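Biologist: Before we use these labels, I would like to hear how each one was reached. Please set the values against the cut-offs.

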Amino acid sequence: MHSPILAPIVALVSWSMVMWAWMYATRLPAMFKVRMKPDPYVPRGEQMSQLPAEVRWKADNYNHLMEQPTLFYAITLALALLGEGTGLNLMLAWSYVGLRVVHSLVQATINKIELRFVLFVLSSLVLLGLTFNAARAVLYP
């Protein structure tokens, strides 16, 4: 089975891998610069708090890409299986991906919280629309 809505899924996973690479491309040099030795006995996040904020922003965003987007993956896969992966749903899926990419770029570069919040709310509304459309397709086939 092939559904067009699978493309935004692949795109967002690919973007997550870009953020993963960017995170390590900035984190590892910063760790070497401060001569940090990872210590499994230090509470989670405490060591990383020694790194510059600009370095931590990339890791924070990577973590965010492992949170709400998991709902996006589930609902878009459901839409694909329901045969609802075109038209408005496809447009909404691409909108979600675009908003998440912009959110990543804002968080990883300037980290303006008010702007990030607006982007998060917009992407959440898009996700809500996808969820509503999936529920409608399940309840009224």
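**Values and cut-offs**

Modeller: This is a predicted model. Take helix α2 as a start: its 12 residues should span 16 Å at 1.5 Å a residue, and the end C-alpha atoms are 16 Å apart, so the two values agree.

Biologist: Which residues of α2 are buried, and what covers them?

Modeller: The buried residues of α2 are Val55, Trp57, Lys58, Ala59, Asn61 and Tyr62. Their cover includes α1 and α4.

Biologist: How do you know what length to expect of α1?

Modeller: The expected span is 1.5 Å times one less than the number of residues. α1 has 28 residues, for which 40 Å is expected, and 41 Å separates its first C-alpha from its last, which is close.

Biologist: What is the secondary structure of the chain as a whole?

Modeller: There are 5 helices and 0 strands. Along the sequence the pattern reads α-α-α-α-α. The C-alpha trace spans about 60 × 30 × 25 Å along its principal axes.

Biologist: What share of the contacts in the chain with a separation of 6 or more comes from residues 24 or more positions apart?

Modeller: Such residues account for 78% of those contacts. One pair of residues distant in sequence is Ser16 and Val97, 81 residues apart along the chain, with C-alpha atoms separated by 11 Å.

Biologist: Why is Ser16 called buried?

Modeller: Buried means under 20% relative accessible area. Ser16 has 2% relative accessibility, so Ser16 counts as buried. Ser16 is in helix α1 and, leaving out residues up to four places away in sequence, touches Tyr62, Leu65, Met66 and Tyr73.

Biologist: Which other residues of α1 are buried, and what covers them?

Modeller: Among them are Pro8, Ile9, Leu12, Trp15, Met19, Met23, Arg27, Ala30 and Met31. The cover of the buried residues of α1 includes α2, α3 and α4.

Biologist: What makes a group of residues a nonpolar core, and how many residues has the largest one here?

Modeller: The members must be buried, come from a set of residue types such as Leu, Ile and Met, and be joined through side-chain atoms within 4.5 Å. The largest core here has 28 residues, and those with the most contacts inside it are Ile5, Leu12, Met19, Phe72, Tyr96, Val126 and Leu130. Two or more residues come from each of α1 (6-33), α2 (53-64), α3 (69-81), α4 (87-109) and α5 (113-139). The largest share, 9 residues, is from α4. In soluble globular proteins, nonpolar side chains tend to be buried together.

Biologist: What does Met19 touch beyond its neighbours within four places in sequence?

Modeller: Met19 is in contact with Lys58, Asn61, Tyr62, Leu65, Ser104 and Ala108. A second, separate core of 5 residues includes Ala30, Met31, Met36 and Val55.

Biologist: Where is Met36, and why is Met36 called buried?

Modeller: Met36 lies in the loop between α1 and α2. Its relative accessible area is 10%, under the 20% cut-off, so Met36 is buried. Leaving out residues up to four places away in sequence, Met36 touches Met31, Gln47, Met48, Gln50 and Leu51. Met36 and Gln50 are 14 residues apart in sequence, and their C-alpha atoms are 8.9 Å apart.

Biologist: Is Arg35 buried or exposed, and what is its phi?

Modeller: Exposed means over 50%. Arg35 has 72% relative accessibility, so Arg35 counts as exposed. Arg35 is found in the loop between α1 and α2, and its phi is near 55°, a positive value in a residue other than glycine.

Biologist: Is Asn111 buried or exposed, and what is its phi?

Modeller: Asn111 is in the loop between α4 and α5, with a positive phi near 50°. Its relative accessible area is 17%, under 20%, so Asn111 is buried.

Biologist: What share of the chain counts as buried, and what is its accessible surface?

Modeller: Of the 141 residues, 39% count as buried. The accessible surface is about 8,400 Å², and 70% of that surface belongs to carbon and sulfur atoms.

Biologist: How far apart are the mean positions of the positive and negative charges?

Modeller: The mean positions of the 11 positive and 7 negative charges are 6 Å apart.

Technical notes:
Residues are numbered from 1 along each chain as its sequence is written. This is a predicted model: local features need pLDDT of at least 70, side-chain atom pairs count only at pLDDT 80 or more; totals for chains, interfaces and linings use all residues. Side-chain values use heavy atoms; hydrogens and water are left out. Buried means under 20% relative accessible area, exposed over 50%, partly exposed in between (1.4 Å probe, protein chains only). Helices (H or I, at least four residues) and strands (E, at least two) are DSSP runs, numbered from the N terminus. Contact means heavy atoms within 4.5 Å. Accessible areas come from the Shrake-Rupley method with a 1.4 Å probe; for residues, only the protein chains shown count as cover. Lys and Arg count as positive and Asp and Glu as negative; His and the chain ends are not counted. The place of a charge is taken as NZ of Lys, CZ of Arg, CG of Asp or CD of Glu.
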